[in-house]
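Me: I'm new to this one and would like a close look at a single part. Could you walk me through the nonpolar patch on the surface, and then place it in the wider picture?

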Amino acid sequence: MNHPTNTQREVVAAESSRAGVCACVLSPSPFQNMAEAGAGFLEQLKSCIVWSWTYLWTLWFFVMLFLVYILRVPLKINDNLATVSMFLNTLTPKFYVALTGTSSLISGLILIFEWWYFRKYGTSFIEQVSVSHLRPLLGGVDNNSPNNSNTSNGDSDSNRQSVSECKVWRNPLNLFRGAEYNRYTWVTGREPLTYYDMNLSAQDHQTFFTCDTDHLRPADAIMQKAWRERNPQARISAAHEALELNECATAYILLAEEEATTIVEAEKLFKQALKAGEGCYRRSQQLQHHGSQYEAQHRRDTNVLVYIKRRLAMCARKLGRTREAVKMMRDLMKEFPLLSMFNIHENLLEALLELQAYADVQAVLAKYDDISLPKSATICYTAALLKARAVSDKFSPEAASRRGLSTAEMNAVEAIHRAVEFNPHVPKYLLEMKSLILPPEHILKRGDSEAIAYAFFHLQHWKRVEGALNLLHSFRMIPYPLEKGHLFYPYPICTETADRELLPSFHEVSVYPKKELPFFILFTAGLCSFTAMLALLTHQFPELMGVFAKAFLSTLFAPLNFVMEKVESILPSSLWHQLTRI
C-alpha cells in the first residue's frame, strides 16, 4: 500500500539485460568471404598496433631520444639550444609574470568549467572525453556503452513518470504493534515508531478498512471513528465496543495488531477476524453489481479479507510453520492476483529463502523482477544473492584478479552492482558495519528505511549462503552508483529528509554516498593555485625567482646529462664518429 492512495505504477528505467537476437544464418558468398578476410586482417593489424603502443611505447621513446642525440650535429641541435637560451636570457621578468598569469587564468577557466560540468552531469568532462573518444582509439573497451544505451532508454521512460520522487510504501513485512513494537518499548523505554509513521498507518487503515456506507452499520461506524483515534487505549476500547454490537472483522484486526501481546494471541484474533470477514465478503460479493455503494463495500471487504489472510500467513511464518505460511501466501496470490499493492510476493520470497527453496525463489523473481514493475531492495538483493550463491563458495578476489572473472562471477558482480545502485545503504547492515533497529511500518524505496526493513529479515539468509557476505564485502567500496551507470532513475535528493521522518531519533540515518571530486578538478585547482602563486612571486621577486628557475632546470636535466656522459664514455670513438656522420 502506497501514498498517494490512487494506484500508480512506478516506471523504472531500463535495466541492462542480455537480449537474445534471433538472426537468419545465410551461407556466405565468395565476396563476403573476401570482405571478412580483409576485415579480419585489418583487425589483426589494428590489434598489433594497439599492442605495440600499449607495451612498447617506452622503448620507442628511448629509441627516439637516442636518434636525436646521435643526430645532434647534423641537426645543429646544440646551436639551436644556444640560440634559444640566448633568447630566454633576454626576456624580462614581465614576460614570465604574463606567462604564469595566463597559465593561471586558463587553468582557472578549466576549473570553473569542470566544476560546472560535474555539478550538472555528475562526472568529469575530461574523464568522459578520454574514456569515450581516446580510449577506443587506443584499443580500450568501452564498458559503459550498454549502460549509456540504457540511460537513454531511461530518459525516454522518465517522461512517463508521474509519481512523486519520495513515495512512501507500506512495509510488506511490518511487525505487530502489540506483540513486537510495544514489547521493545517495555524493555528499552524507546519508541520504535515515529508519529509520522503511525499517522501514515492511520491513513492506510481509513483507506482500506472503511467505506461510505459504514454509518449504516453501528459496529462499522464505531470502527470508522476508532481508526481516527490517536490514543491507542481509545482505539482498543472502541474495538471492544464494536464487538459487543456485532462480529466485526476490523475490530478483531485492531485488537490483534495492538492489544495482543504475543503472536499466538494475535493469530487467534485473526482467525476470528477471518471468520467474520469471509461472511461479509460473500454477502457483498453477491450485491456488488447493485450500485456504486455496494461496489465500494465489496472493495472494502476484499481489502479486509486479504489483509487478514496475509497477517495469518505472517503469524504462521513467525511461529515456525513456514511451509504452511508459503501455502497460504501462494493461495492468496492466486485468489487475488490483481492486489499487487500489498506486495505479498516479498513475504513469499522471505519464506522461501527460509526453506532454502532457491528454485522457487528464482521462479518468483522471474515473474516480479520485470522492467514494468516497481523494484525493491528485496527484489534486487535476492537476485544478487542467488547469483552470488553460484560462485561465492569458490570466489577469491586475488584469484579473480589474476585469471579474470568467469561468466558466473561476472553475473554475480553485475547483480551486486545493480542492487547497490538501487539501494546503497543495505551493505552496511548486511556486513554488520551498522547496528539494526526495528523496521518502521512504512519504508521509502532506495532509502535507509527500506535497507533496515530488508536487512532485518534477510540478514540470516545471506549468512546461510557460504561466502555470500565475503563476496559482498569484496565490493564494499561500491556505494558509488555513478561509477557503474544509471540502471534506475537518479537517486532522489529528498530521501534523507523523508527517512528522518520515518525512523526514530535515536537512529543515525544513513545518507546517500556522495561521489568524490574527480581527479582533474583537483588537478586544475592545484595548477591554478600554483601558477597564480608563481606569477605573484615572479612579479615581486624577479631576480630571486630567476635563480630558482635556473637551479630547478639544472637539477631537472642533471640525470640526462649524466646518462649522456656515460654513453659517450662507453661507446668507441670510431663508432661514435661514424654514427654522427650518417
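Reply: Here is the patch, followed by the rest of the protein. First, a heads-up: this is a predicted model, where local features need pLDDT of at least 70 and side-chain atom pairs count only at pLDDT 80 or more, while totals for chains, interfaces and linings use all residues. Residues are numbered from 1 along each chain as its sequence is written, and side-chain values use heavy atoms, with hydrogens and water left out.

The patch is formed by Phe-530, Met-533, Leu-537, Phe-541, Leu-544 and Phe-548, which together have about 590 Å² of accessible area (Shrake-Rupley method, 1.4 Å probe, only the protein chains shown counting as cover for residues). Patch members have over 30% relative accessible area and no salt bridge (a Lys or Arg side-chain nitrogen within 4 Å of an Asp or Glu carboxyl oxygen), and nonpolar side chains (Val, Leu, Ile, Met, Phe, Trp, Tyr) are joined within 5 Å, like charges within 9 Å.

Two helices (DSSP runs of H or I, at least four residues, numbered from the N terminus) give two or more residues each: H24 (519-540) and H25 (542-570). H24 supplies the largest share, three residues. Leu-544 sits in H25 and is partly exposed, because its relative accessible area is 45% (buried is under 20%, exposed over 50%, partly exposed in between; 1.4 Å probe, protein chains only).

Zooming out, the protein has 26 helices and two strands (strands are E runs of at least two). Of its 582 residues, 42% are buried. The protein exposes about 33600 Å², with carbon and sulfur atoms supplying 61% of that.
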